[in-house]
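Okay, thanks everyone, let's get going. I'd like to walk you through some side chains today, so have a look at this one with me.

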Amino acid sequence: MHPCLLVSEILVNIFAEVNERDEEEAARTLAALCRTCRAFREPAMKVLWAHLGTLVPLIRCIPCVKIVKSKGKLQDDLPTLVLEREMSSTDWEIFLSHSRLVLTCGYYVSRRDKHPVLNSPSHDIGVDILRALSSPPPSSIVFPHLRKIRWTDSRKDSIRFFRLILTPALEFLDMSSITDPVYSVVIPSINDACPSLRIMHLPKWPFLHLPDMFDKWPNLAYVTSGPLADATIQSLGRLAHLASMDICLHKLHDIKSLVENPGFSTLRRLVLRAYNINLATAFMRQVKSTHLREVKCYLPHGTTAAGIQEWITILLDRCIPRRLEILEIEDYADAGAEFPAQFTLTPDILKLLSRFRGLTTLDLATACTYSLDDTALTQLAICWPSMQSIALGTHWGWRQHSDVTLKGLLSLVRHCPQLESIGLVMNAITTDITSQRPGGGIRRPKVTSLNVGDSRVGDPLAVAAFLSDVFPRLLSVDAFNHLGGRRRPIPAAKEHEDKWKEVEKLLPAFSKVRAQEHPPVGPRRKAFFLEELYLA
């Protein structure tokens with residue numbers, strides 16, 4: 001054997017590569033390596049047990065564990081792991097020899113509690129096993145190297161075991177799926193047990209009132225949480241390394257105190273799930289960060305044009321506008337009887353967005369409509385040279401005639417050369433463009449889909465020709481698909497919807513033609529061009 005293969009660190013890297021490249025057979029391959037050679041055993045075991053989707057494989061290593069088939073009638077009912085007898089010292093030695101290798105683990109009670117990203121559990125875990133594992137031998141640490149845990153078990157019998165696995169080395173903790181009663185009992189246990197926590201996901205709905213809770217975790221960088229008390233928010237704002245925060249806002253009692261003590265100076269990403277736009281605006285007054293890159297706001301009770309204007313104005317003051325890259329706002333309420341008077345985003349309001357010159361993503365999915373024409377859109381586009389994805393009200397539609405034409409769309413893509421995704425309501429009835437090269441030579445091959453909301457359209461053939469010239473790889477046009485309960489149909493809405501479907505059907509044929517018009521310039525094609533040049 002080559003001397004390099006006797007170095008444990010090298011073998012760990014090699015086996016980790018095996019684990020990455022062969023996901024389906026990785027476990028079997030690593031298990032075979034453990035049995036193949038003594039030099040391979042320890043490094044292969046480290047990789048095999050480092051990251052577990054569930055605790056089931058670990059528990060099945062205990063000799064006294066047996067499987068009991070489910071007697072339920074549901075297809076999702078899984079067999080349960082239970083103990084045949086009490087765990088002996090030998091059982092504990094086997095369990096601890098494997099658990100010491102675990103770095104990442106997800107804990108799930110059953111298939112119904114699984115996390116969508118991780119593997120589904122193959123068995124339920126019985127309460128007797130939880131009770132047994134909650135009483136390990138004296139002076140033994142069950143998971144000494146655990147760095148990451150996702151916990152979904154809301155049973156009271158699991159609380160003691162959960163407290164046991166909270167170690168000083170823990171950096172990632174996800175409790176977003178546990179219920180309120182267990183949540184309120186467990187949180188105080190974490191304060192002193194996990195000083196190294198960097199990432200924490202808490203349940204999004206229970207109200208939490210622990211004034212100095214976040215002071216216990218000075219290294220916390222990423223937080224997802226439900227509603228917090230004012231004092232708890234202030235403690236969160238004092239964190240020196242907080243980079244990302246996703247928080248729910250239902251009420252803010254002491255607004256004056258929050259505003260007088262701005263924080264969150266290191267924040268780069270902010271997601272607000274607020275009861276209304278006023279709460280989101282009030283919270284933004286507390287934020288003062290020169291590092292802010294991403295801001296998202298979700299409002300279940302909707303907003304008005306004036307509310308959006310105030311929110312954007314405060315945001316401009318709370319960050320460095322040119323550094324903001326992602327801005328999204330979405331609400332879920334109907335505009336109401338005042339539409340469109342109080343729900344029209346005018347060019348003056350939209351002009352505020354032009355100060356965010358570093359934007360790469362802009363998504364305004366609100367109940368508001370737009371007073372926008374080609375000139376105003378061009379003035380905005382000039383300010384966004386880095387824009388990659390833009391959506392202006394296409395999710396719910398503008399519910400009135402748009403003054404933006406295909407020329408406005410052309411101007412948008414001319415000034416935003418990096419665009420990959422576009423959502424824009426237009427008036428595509430008149431195609432006042434040349435028939436030879438409708439796009440005037442402007443091509444954006446990265447764009448493969450276009451959302452036009454409740455746009456009007458005239459001649460499907462002319463529009464398809466225009467779109468295929470500007471977007472040669474465009475394959476789908478999304479129209480009238482997400483209007484839902486807010487749908488206030490424009491005149492002849494069904495007719496326009498059918499015409500957009502016809503446009504979409506024509507696009508594949510046009511794309512093939514455009515591909516023939518602009519073949520790739522390979523070595524032979526380049527030589528042909530040079531030959532033509534010399535002969536001329």
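So, tryptophan 151: its relative accessible area is 2%, so we call it buried. Keep in mind that this is a predicted model. Its partner, phenylalanine 161, is buried too, at 1%.

Now, the search over the whole structure turns up seven aromatic pairs. One of them is tryptophan 92 with phenylalanine 95, edge-to-face, with 5.9 Å between the centres and 90° between the planes. Those two sit three residues apart in helix H5, residues 89-99, so about one helical turn separates them. Both tryptophan 92 and phenylalanine 95 are buried.

Back to tryptophan 151 and phenylalanine 161: that pair is tilted, 6.2 Å centre to centre with 45° between the planes. What does the pair tie together? Tryptophan 151 is in strand S6, residues 148-151, and phenylalanine 161 is in helix H7, residues 159-164, so the pair links parts that are ten residues apart in sequence. Add Phe162, and Trp151, Phe161 and Phe162 make up one aromatic cluster.

There's a charge on a ring as well: lysine 148 has its charged end over the ring of phenylalanine 172, 4.7 Å from the ring centre.

Last topic, cysteines. How many disulfides does the structure hold? Zero. Take cysteine 383: its closest cysteine sulfur belongs to cysteine 416, and that is 9.5 Å away, so it's too far for a bond. Cysteine 383 is buried, at 9% relative accessible area. Cysteine 194 also counts as buried, because its relative accessibility is 0%.

Okay, that's me done, happy to take questions.

Technical notes
Residues are numbered from 1 along each chain as its sequence is written. This is a predicted model: local features need pLDDT of at least 70, side-chain atom pairs count only at pLDDT 80 or more; totals for chains, interfaces and linings use all residues. Side-chain values use heavy atoms; hydrogens and water are left out. A disulfide is a pair of cysteine sulfur atoms within 2.5 Å. Buried means under 20% relative accessible area, exposed over 50%, partly exposed in between (1.4 Å probe, protein chains only). Rings of Phe, Tyr and Trp (its six-membered ring) pair if their centres lie within 6.5 Å; planes under 30 degrees apart count as stacked, over 60 as edge-to-face and the rest as tilted. Helices (H or I, at least four residues) and strands (E, at least two) are DSSP runs, numbered from the N terminus. A charge sits over a ring if NZ of Lys or CZ of Arg is within 6 Å of the ring centre and within 35 degrees of the ring normal.
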